[in-house]
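Student: Could you take one part of this model and go through it closely, setting out how it is placed and what surrounds it? I would like a connected account rather than a list.

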Amino acid sequence: MQSWGRYAPLAWGREAIRHAADLVWPPVSPVSGRRVDGLGRLDPAVWAKIHFLDAPWCALCGLPFPYAVGETMTCPACIARPPRFARARAAFVYDDTSRTLILDFKHGGRVECLDQFAAWMARAGADILADADAIIPVPLHRRRLAKRRFNQSALLSRAVSRRTGVAFEPHALYRARATPSQAGKSVRGRRRNVAGAFRVRRSAMNRIAGRSIILVDDVFTTGATADAAARALLRAGAAEVNVLALARVVRPVNPLT
Ligand SMILES: [Zn+2]
């Protein structure tokens, strides 16, 4: 009680500043730009357009299936070439609405929805987070980091770590080689582009060996980047690498074909 009494004026002060700021700069939703009741809230019309992901999905890469055909299902791509990571999960489909949401965050610096993003990711990745020991972001090369000023995957990792209590390891993995953007490349081209690009820092080896790792990225497209990063972590002795993304590119797949 005493501590509440002591800090209450500080909390009231903070609240008052927040309200004053809301009057001067009314909070608006990413994507639509419409007024919302608080910073970090999403316009309900935008929310309704986001396609959240849920089972049934490929047990390995998390690709959603239109219907369930058995308890454990694997998509044709994972059967043809099993990924190095164990499982991948994502909060929602990467489409026109979510692309704007992510671009606002990634290039527009709109970080106010981070807590919301982390809540969605924690829900989508509940199965892989349950036994996880550490959360590691897909790193940017230092030159790209200097240009962009922040790594969106690191911000997502930290937010998921705060929500779940799983340790955040921001510096364990690094990009040893600058790679051109994956955009516009074929699946094979993407794999070649990031092959051998990731390394585990020597100082982090003891926190990777034998551990179950969650690798966090903003968008999961073909899994080529996640696969290359997972390879580096597994070579450093990680027991398992799972992938958690905010969004995922989804191409329609029938699990029976
Ligand atoms: Zn799959």
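Tutor: Before the packing is described, one definition is needed: a helix axis here is a line fitted to the C-alpha atoms over the stretch in contact, and the angle between two axes runs from 0 to 180 degrees between their N-to-C directions. The model is a predicted one, and the part chosen for the close look is helix 11, residues 224-235.

Helix 11 packs against helix 9, residues 187-194, at an angle of about 35°, the two axes lying 8 Å apart, and the crossing of this pair is right-handed. On the side of helix 9 the contact is formed by Val187, Arg190, Arg191 and Val194, while helix 11 contributes Ala224, Thr225 and Ala228. By character, the residues of this contact comprise four that are nonpolar, one that is polar and two that are charged.

The length of helix 11 can be checked against its residue count: at 1.5 Å a residue its 12 residues should span 16 Å, and the end C-alpha atoms are 17 Å apart, which agrees. After the helix comes Gly237, whose phi is positive, near 105°.

As for its surroundings, nine of the 12 residues of helix 11 are buried, so the helix is largely enclosed by the rest of the structure; the cut-off behind that statement is 20 or more other C-beta atoms within 10 Å of a residue's own. The buried residues are Ala224, Thr225, Ala226, Asp227, Ala228, Ala229, Ala230, Ala232 and Leu233, and Ala224, Thr225 and Ala228 also belong to the contact with helix 9.

In soluble globular proteins, nonpolar side chains tend to be buried together. In this model the largest nonpolar core has 62 residues, and those with the most contacts inside it are Met121, Ile214, Leu215, Ala229 and Leu233. Helix 11 supplies the largest share of this core, seven residues. When residues up to four places away in sequence are not counted, Ala229 touches Val138, Leu173, Phe198 and Leu215.

Leu173, one of the residues touched by Ala229, also leads outward to Arg201, for these two are 28 residues apart in sequence yet 6.1 Å apart in space, C-alpha to C-alpha. Arg201 is found in the loop between strand 5 (198-200) and helix 10 (205-208), and it is partly exposed, with 14 other C-beta atoms within 10 Å. Leaving aside neighbours within four places in sequence, the contacts of Arg201 are His171, Ala172 and Tyr174.

Conventions: Residues are numbered from 1 along each chain as its sequence is written. This is a predicted model: local features need pLDDT of at least 70, side-chain atom pairs count only at pLDDT 80 or more; totals for chains, interfaces and linings use all residues. Helices (H or I, at least four residues) and strands (E, at least two) are DSSP runs, numbered from the N terminus. A crossing is left-handed if the near helix is turned anticlockwise from the far one by less than a right angle, and right-handed if clockwise. Two residues are in contact if their C-beta atoms, placed from the backbone, lie within 7 Å. Ala, Val, Leu, Ile, Met, Phe, Trp, Tyr, Cys and Pro count as nonpolar, Asp, Glu, Lys and Arg as charged, and the others, Gly among them, as polar. The expected span of a helix is 1.5 Å times one less than its number of residues. A nonpolar core is a set of buried Ala, Val, Leu, Ile, Met, Phe, Trp, Tyr and Cys residues joined through C-beta atoms within 7 Å.
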